[in-house]
Structures are given as C-alpha cells and as structure tokens.
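Please load the model in a viewer and keep the selection panel to hand. The tour below goes from the whole chain to its strands and then to individual residues.

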Amino acid sequence: MPPAVVVTVSPRLPGLLGPAGWAALSGRRLAALPGAAATAEVLRAAGHQVIDVEDAAALDADVACLAAPGEEVPGRPVVDGAPEPPGARLLDVVAVMDRLRSPGGCPWDAEQTHASLRGYLLEEAHEAYDAIVDDDPVAMREELGDVLLQVVFHARVAAEAEPGRRFDVDDVAGELVDKLVRRHPHVFGDAGPRDVAGVEAGWEEIKKAEKQRRSPTEGVSRSQPAAAWGAALVRRAGRAGFPTPETADLGSASPEEMGERLFAVVAAAEQRGWDAEDALREAVRRYAGELDAEAHRRSAD
C-alpha cells in the first residue's frame, strides 16, 4: 500500500468530502489532526472510527489522515478532499457575526438595532460608490466588504426578533436567489434569448406583475439624494405613461456644461442662505404627490 496520505478537509464545511477525498479514505484507517476535528466528529457520527493525532509524520501506511489546509505533513502525499466552492468564506462572515452578537462577544455589537445601524448602511454604500468612481480595486474590495457587513449585521439582528418579524441571512439569500431566477427567464426559463433592451423590458414587466404597483412613486427610495430621487420618478413616470415635468432647454450643452449650470444654481442658493438640496427635495416631493394623485384618478376611472 502507498504511504500514509493526508486528506485536507474544509473547516467551514465539516463532513464535506469530494470524490477524490472518499477515494483516498477507502480501505484505510482514519486519523485526524486538530484542524480537522469537526469533520472527524461528523464521520464518527456516521459510524466511522477516527483517531485523533497531533503529528502525522509517523503514521502507518494504511492510514488516511484528515487535516485542515495548512496542516499538510512534509513527505506525505496530499489529496484535496473537499475543494471549497466560491463563496465559502461568506460562512466565516456569518460565523464571526454570530460570535460578536452572542454572549461573551462584543457589547457594542450586541446592543445594536436596525434603527441604530441604518445610518452606517448609507455611509458604507456611499464609500463603496466613491471607490467605484475612483476605479480603486483595493478600496472597492474593502468598502464592498463593509457593505456586506451591514447586510449580515441586519440579518443577525432580525434573527433575534420576535416571531412575525424574524428572518435570517439564509432567508435574505434565498429571497435574492428566487428573485434573480424569476427575473431572468431568458437564462433560467424558456423565454428564449434576449438582447439588453429585451432584458430590461422583461425585468420591468416581471417587477410590475410581482409588485402590483399603482403609482410610479411606489418602490422608489425617498432617502436618496433629491436629484437621484427626481430622476427615478421621471424615468418611472415616462415608462408608465404618466406626465413628466417641463424640461429646461439645454440646447447643445454637454454633460459637463450642464453640471456647471447646476453647480452655479447651488452656489447662488448658498449665497442667499438657501439649501439647494432641500429646495429640490421639496419640488420632487410635490411631483411625487402629483403622480400619486394621477394614479388614484386612473384607478378610480
């Protein structure tokens, strides 16, 4: 028989073994280094005998030694027994958050609520946006991680809520997966191939059927900056055949020139002691009210 073999297993997915891993264990006695303790327990629960060892260097030839990545033994052949799928480290994120929120964890994390955390979600999203605008991959990686933290944090808080308000990170992921599959029938269903315009049109039709929205204002975030809020309402209203505001004559102005004009308005408002954001938000709010009134009128007809 060949010399003792080391079979690496995943500390995140105890008990998971691929075909190569099972083949390496076949016909051998089993041992486990400390890093593979969780997988050893799973195998014992399934009726396998597994001995715990601290050093695999002197193992007999008929032994397959389970080890965590990094516990490989010099001079022993190594089999990757459980290749981890993409996304496996997301399990670490969930485990760390569970530790932080559990007894003996972090007192600050333990006392947070959805309300106390909501500002951080916006802050981290803005910082990720800035990293994308700057085309900085190092910053993107960090800032997207901070956004992910907020998602996992809110899901962990919700997992502790009373029945009727409770959900967990798997519910969040499951709902996302279901939505993506529903809204991509050209990929996961029988809708046939579509170009980009067809994909966008199909997405909107599916959303319309799912949400049963009556007004273009429904589902548009009011907490986003006023310019983005207004643009979203105009876009939604135009697609739904609702009236849109009178537009300014930009002539042949470029986007840069339009930006200069907008900035000039902001500067003029500042000189008069006005808040341009509040003024625009109030105008958008009035337009949203007009859209809701029109939607109500149409539904009554």
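Begin with the whole chain coloured by secondary structure: this predicted model contains 12 helices and five strands. The radius of gyration is 28 Å, well over the 19 Å that the globule rule gives for 301 residues, so the chain is more spread out than a compact globule. Aligned along the principal axes, the C-alpha atoms occupy a box of roughly 85 × 50 × 45 Å.

Next, display the surface. About 19,500 Å² of the chain is exposed, and carbon and sulfur atoms supply 58% of that area. Of the 301 residues, 27% count as buried. If contacts are drawn between residues at least 6 apart in sequence, 62% of them join residues at least 24 apart. Colouring the charged side chains shows 33 positive and 52 negative ones; the centres of these two sets lie 6 Å apart.

**The strands**

Select residues 5-8, which form strand E1. Which way do the side chains of this strand point? Val 5 and Val 7 point one way, Val 6 and Thr 8 the other way, and all are buried. In a regular strand the side chains alternate between the two faces of the sheet.

Add residues 63-67, strand E4, to the selection; E4 runs parallel to E1 and is joined to it by four bridges. Two pairs serve as guides here: Val 5 stands opposite Ala 64, and Val 6 has Cys 65 as its bridge partner.

Keep E4 in view and examine its cover. Five of its five residues are buried. Val 63, Cys 65 and Ala 67 point one way from the strand, whereas Ala 64 and Leu 66 point the other way.

Now select residues 78-80, strand E5. E5 pairs with E1 in the parallel sense over three bridges. To locate this pairing, centre on Val 7 of E1, which stands opposite Val 79 in E5.

Return to E4 and add residues 29-32, strand E2. These two strands also pair in the parallel sense, over four bridges. Ala 32 marks the place, with Leu 66 in E4 as its bridge partner.

From E2, extend the selection to residues 50-52, strand E3. E2 and E3 are parallel and share three bridges. Here the bridge partner of Leu 30 is Val 50 in E3. With this selection made, the pairings can be followed in turn: E3 with E2, E2 with E4, E4 with E1, and E1 with E5.

**Helices H5 and H6 and the loop between them**

Move to helix H5 (114-133) and helix H6 (137-159), and select Asp 135 in the loop between them. What is the phi of Asp 135? Phi is near 55 degrees, a positive value in a residue other than glycine. Asp 135 has a relative accessibility of 61% and therefore counts as exposed.

Then select Glu 143, which lies in helix H6. Is Glu 143 buried or exposed? Its relative accessibility is 13%, so Glu 143 counts as buried. Display the surrounding side chains: leaving aside residues up to four places away in sequence, Glu 143 touches Glu 124, Glu 127, Ala 128 and Ala 131. For a distance across the model, draw a line from the C-alpha atom of Glu 143 to that of Gly 105; the two residues are 38 apart along the chain, and their C-alpha atoms are separated by 24 Å.

**Helix H10**

Finish at helix H10 (residues 226-240) and select Ala 227 within it. Ala 227 counts as exposed because its relative accessibility is 52%. Draw a last line from Ala 227 to Leu 280: these residues are 53 apart along the chain, and 7.3 Å separates their C-alpha atoms.

Technical notes:
Residues are numbered from 1 along each chain as its sequence is written. This is a predicted model: local features need pLDDT of at least 70, side-chain atom pairs count only at pLDDT 80 or more; totals for chains, interfaces and linings use all residues. Side-chain values use heavy atoms; hydrogens and water are left out. The radius of gyration is taken over C-alpha atoms; the globule rule is 2.2 Å times the number of residues to the power 0.38. Buried means under 20% relative accessible area, exposed over 50%, partly exposed in between (1.4 Å probe, protein chains only). Contact means heavy atoms within 4.5 Å. Accessible areas come from the Shrake-Rupley method with a 1.4 Å probe; for residues, only the protein chains shown count as cover. Lys and Arg count as positive and Asp and Glu as negative; His and the chain ends are not counted. The place of a charge is taken as NZ of Lys, CZ of Arg, CG of Asp or CD of Glu. Two strands pair if DSSP finds at least two bridges between them.
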